[in-house]
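Student: I have a structure open and a pile of labels to go with it. Can we go through what earns each label?

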Amino acid sequence: MKVTVPVIVKDPEVADFKGINPTEKITIEEEIFLDGPISPRVAILDFDPESGELAPGVPFVPPGTIKGAGSYRLDHEITEGDSRVPTRAAAVSVFGAVHKALRMFEEKDALGRQVEWAFDAPQLLVVPRAGDRANAYYERESHSLQFFRFPADDGRMIFAAHSQDIVAHETAHAVLDGVAPDLYETISPQGLAIHEAVADLTSLLCAFRCRELASRILEQMGGDLNHSTAFSGLARQFGAALDRGRFLRDLFNTKSIHPDAPEQDRVDRGSPHDLSEVLSGAFYRVLVRVYDELRRQYGARREIDPDLVAAPEAEHVQRRVARQTSAGFADRLGAQSKALFVASERLKRTLFRGLDYLPPGDVTFADLARAVLAADEASHPQSKRQRQWMIAEFIKRGIAPDGRALEVETNFDHPAVADLDLAALVRSDYVAYDFAEKNRDLLGIPRRIKGFEVRPRLDVTKRDWHRDGPQETRECFFKVAWTEMEKNVRDRGLPDRRRWTAGTTLVMSWDEGPPTVRALLTTRRTRTDRTDTDRLLLHLLDKNLLKVDGAAYGIGGIPLERAVAGEILEGALRIKGMGRTLHITEEGGS
Amino acid sequence: MSDTLTIRVYNVGFGDALLITVPDRDPATGETTTRRILIDVGNAPTVASAEGGSVDFFPPVIEDILAELDGKPLDLYIMTHEHLDHVQGLHYAARRIYPDDFQDRFEVNHVWMTASAADDYYDNHPEAEKQRLAYDAMLKRITRHLQRKGLAEEPGFMELLGINNPYSTKDGVSYLKTLNPDHTAYIHRESDLEGTHPFREAAFSIWAPEEDTADYFSLLLALDLDDGPAAATAATAADAATGTATDEDPYLPPSPPPGVDAGAFLNLVDARNRGLADNMLAIDKAANDSSIVFAMEWRGWRFLFTGDAEEKSWHKMHEHGVLQPVHFLKVSHHGSHNGTPEGEAFDAILPEEAPDDAERYAMTSTWEDTYSGIPHAATDERIASRCTLYSNLQEKDALYMELGFPG
């Protein structure tokens, strides 16, 4: 069944970009739709922030024909110049925005599958008016996205749920938690920063899919993305109202963890929010390079260099833009808009596919960088230019010391996998554990480690883009994780040891013929990474947020909202739900 | 006459009652007078049972205090802060143990009460008043919510609601104000102590609370307590005072809309109110942090009495540079992890290397199975690593534990 819903693109009160509809139509396909809006995977629960009562769901109007799309009955559509967004329209908009971001992850050339949530339930619960705070967040424990509201200096009420950027950002947290659940439990500040950076980049990519607005902004900028434009800034309305500089986080930056970086570019290595700018800034810079090069090539009416993007991929993007926009829009696209749309789709599949290759455990930017590069090389060995630019950017920003640290062998034979029955490996835990035990060396599991955990295997078919057209590739993902110990920061009664998680991802090709290794990635934790964790824990202690054992619970055994829970097991500290720090350490940031 | 200062910590269950006996030499005359300070006297129930808050603790304690006074007036009574487990004992004695003549038996020359207990305190401290009103309103909402859900009598909720209910504490505080209204001083860090006590030799310094208690209030989390502003307004002060919600207004759990799993929905509803626990703790801490914390110096010894001061109060004391090494510590807040400071503040009062050869001691008045991890083993270990720690749990049947300090 399909439904078409209007999603807020820009603040209807803002007079900029006149003539552009403040909403875009998003068509969603799901098994069923109910009043709410509610689908099997997303439910909008619109609690009235004044009374706390659940507002009646917005009525679903089924499609008139089997192939047609239904709608949600709105008493008032959002139009330009509206001073208020009606609550029903807002509920429908957030539903559409969540699905839009979700779909972007799940497309055939990205994750290529329906994402499972990190919690054991099929539905993400979305609360568009969660209460009065300058915040918005994803919370695994309550299966929810919560969007708050707060008064701006001028007295206007700002609703986080009205910003597509913010909705995409929080949806990305939920999706990422399903794909890489260890990031929510990590003690690595860079691991947490990956959550933030991916969420910020998802917001950006969603914004680029507001095609008509994107084109218009690009025109206004003279096609130059090397500025802090509305694209690269996040949550404009939110950030401006909070008076925290122009935007919450600006992706156009030179932030770095390189020890020799200029003082003004260096970030606090213990702060996930600060660190995230390094990673998102690196990807944004690569995007701009790809965009600039494509714009030059489109402008010169040259054939697109396959080193950069395969021609069928660019054509596919063009067709998609034509489908998503008003008649004639796609035909009138200039070189810069074409370049933007292609470059952003290229980044989307590179980044999102890399998430699947990420090893489980306490990962760092370097682990993600290797995963992204390996996933891209394994699937698109010919278009290597973007990879070269990424490597240069990662080194420049101190994510890796040199190119060798980012090398991962891809697409090779290995006797351990050549005779593997992948169907049995995916289906049977017994087979999976047996494989891991017999191949400890391949998987990097130290002999001294007694127990390890094999994660559910994945059988995924993705779309690759080659010179002669799209190609379906089947991959099997095998992930194993184990617990390691390290020295803990000696402060305020913490035990002298702590647990961290190491892991390996083995990706195997599952096409005709014997399986081969697409890539093999294991976490690499350095002394600097341990120091960074010390710094993070000290931050949490200073803010009185890290609560160990019973201290993490209030009256009636209720877990404290403003706390990260630690527990001491056999004399070693273990942190649970560190991902919550992303929304409890500072109001207004998520 | 004994030349030893004694600190007697009574076993009152979950609460505090301390009697300090000081041989106080007048430097002008060389004459020594035995003077006594009584701190608090109160208790409150704990999670495990009502036992920790039993009034049965009071009669022998009061009897012992009166016996120690031996018909003489108490020199100084100190109410550290307005919490039930610190204020209800003397009021109980006046109403139930000696209903006819307690004030005749128990005369007090001087009284110290925490500054914010003064009747006109909030008139003069508008920011603190604003915060307190917000806290009171939140407490009312939470109380009403828990009553409607039938949780107000549940372990954990009951204790904290009881301790923090201004109406249940009010009677105790009001009674303490009648002990000697003409010689009652409302104390804060900047207070001038001249004329507020009779001591000649023992010297006092006030480390806390701040004069303006606004600093002790934390940001409350927004809650969705299914009451809304209209219902909250309807929850009158009388409701909170009597501790009852009307029968016509029972709690009806919200129902999920069709298509949403009921378990997941109710889990979300609960999560939306999870800040309730944070807010209750914030309310509790704000009052604890208003505790009078004072040091008494006597013949080379420094004794520290802390009430229930928690992190914010310790932070302020550290910030103002008042913390100094002590020989005796009354462990704050019944030994909770929040009651004893961490890091530099802890080192300031109990440095790893003792500044002199004198022994150092700490005493905890606590009770088992209390809310929020009291007593707290790691905190006990930390304190015990710097000094000899005694707890009333070591001899639960004893009326008191006592330490003597030779002069």
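Tutor: Sure, we'll take the labels one by one and set each value against its cut-off. Keep in mind that this is a predicted model.

Student: Let's begin with salt bridges. Why is the pair Arg129(A) and Asp46(A) called a salt bridge?

Tutor: The N to O distance between the two side chains is 2.9 Å. The cut-off for a Lys or Arg nitrogen and an Asp or Glu carboxyl oxygen is 4 Å, so the pair qualifies. It is one entry in a long list, as the structure holds 74 salt bridges over all chains.

Student: What makes Arg129(A) and Asp46(A) a link between distant parts of the chain?

Tutor: Their positions in sequence, which are 83 residues apart. Arg129(A) sits in the loop between strand 6 (124-127) and strand 7 (136-139) of chain A. Asp46(A) is in the loop between strand 3 (42-44) and strand 4 (60-61) of chain A.

Student: How do you know whether Arg129(A) is buried or exposed?

Tutor: Its relative accessible area is 14%. Buried means under 20%, so the label is buried. Asp46(A), at 9%, gets that label too.

Student: Now Arg457(A) and Asp429(A): what makes them a salt bridge?

Tutor: Their closest N and O atoms are 2.8 Å apart, and within 4 Å is what the label asks for. Arg457(A) lies in the loop between strand 12 (453-454) and strand 13 (458-466) of chain A, while Asp429(A) is in helix 14 (residues 429-438), so the bridge ties together parts that are 28 residues apart in sequence.

Student: Is Asp429(A) buried or exposed, and how do you know?

Tutor: Neither, quite. Asp429(A) has a relative accessible area of 47% and is called partly exposed, because exposed starts over 50% and buried needs under 20%. Its partner Arg457(A) comes in at 7% and counts as buried.

Student: Which pair should I look at in chain B?

Tutor: Try Arg189(B) and Glu210(B), whose closest N and O atoms are 2.9 Å apart in a salt bridge. Arg189(B) is in the loop between strand 6 (184-187) and strand 7 (203-208) of chain B, and Glu210(B) in the loop between strand 7 and helix 8 (228-234), 21 residues apart. Both of these residues are buried.

Student: And what makes a set of residues such as Glu107(A), Asp109(A) and Arg209(A) a network?

Tutor: Shared partners. Salt bridges with partners in common join those residues with Arg211(A), Arg320(A), Glu345(A) and Lys348(A).

Student: On to cysteines. Why is Cys206(A) in no disulfide?

Tutor: The nearest cysteine sulfur, on Cys210(A), is 7.5 Å away. The cut-off is within 2.5 Å, so this pair fails. Seen from Cys210(A), the nearest sulfur is that of Cys206(A), again at 7.5 Å. The count over all chains comes to 0 disulfides.

Student: How do you know whether those cysteines are buried or exposed?

Tutor: Cys206(A) has 1% relative accessibility and Cys210(A) has 5%. With the line drawn at under 20%, the conclusion is buried for each, therefore.

Student: What makes the peptide bond between Gly36(A) and Pro37(A) cis?

Tutor: Look at omega, which is about 5 degrees there. Pro37(A) lies in the loop between strand 2 (23-29) and strand 3 of chain A. In chain B, the bond from Ala208(B) to Pro209(B) is also cis, with omega near 10 degrees. Pro209(B) is in the loop between strand 7 and helix 8.

Student: Why does the phi of Arg301(A) get a mention?

Tutor: Because most residues other than glycine have a negative phi. Arg301(A) has a positive one, near 55 degrees. Arg301(A) lies in the loop between helix 7 and helix 8 (311-324) of chain A, and at 79% relative accessible area this residue is exposed. Glu570(A) has a positive phi as well, near 50 degrees. Its place is the loop between strand 18 (564-569) and strand 19 (572-576) of chain A. At 71%, Glu570(A) counts as exposed, because the cut-off is over 50%.

Student: Last one: which residues have the most contacts inside the largest nonpolar core?

Tutor: Phe147(A), Phe283(A), Leu294(A) and Tyr357(A), in a core of 123 residues. Helix 7 (residues 272-299) of chain A gives the most to this core, with 13 residues.

Terms used. Residues numbered from 1 in each chain as written. Chains lettered and ligands numbered in written order. Predicted model: local features only at pLDDT ≥ 70, side-chain atom pairs only at ≥ 80, totals over all residues. Heavy atoms only, no water. Core = buried A, V, L, I, M, F, W, Y, C linked by side-chain atoms within 4.5 Å. Buried < 20%, exposed > 50% of the residue type's maximum accessible area, 1.4 Å probe, protein only. Helix = DSSP H or I, 4+ residues; strand = E, 2+ residues; numbered from the N terminus.
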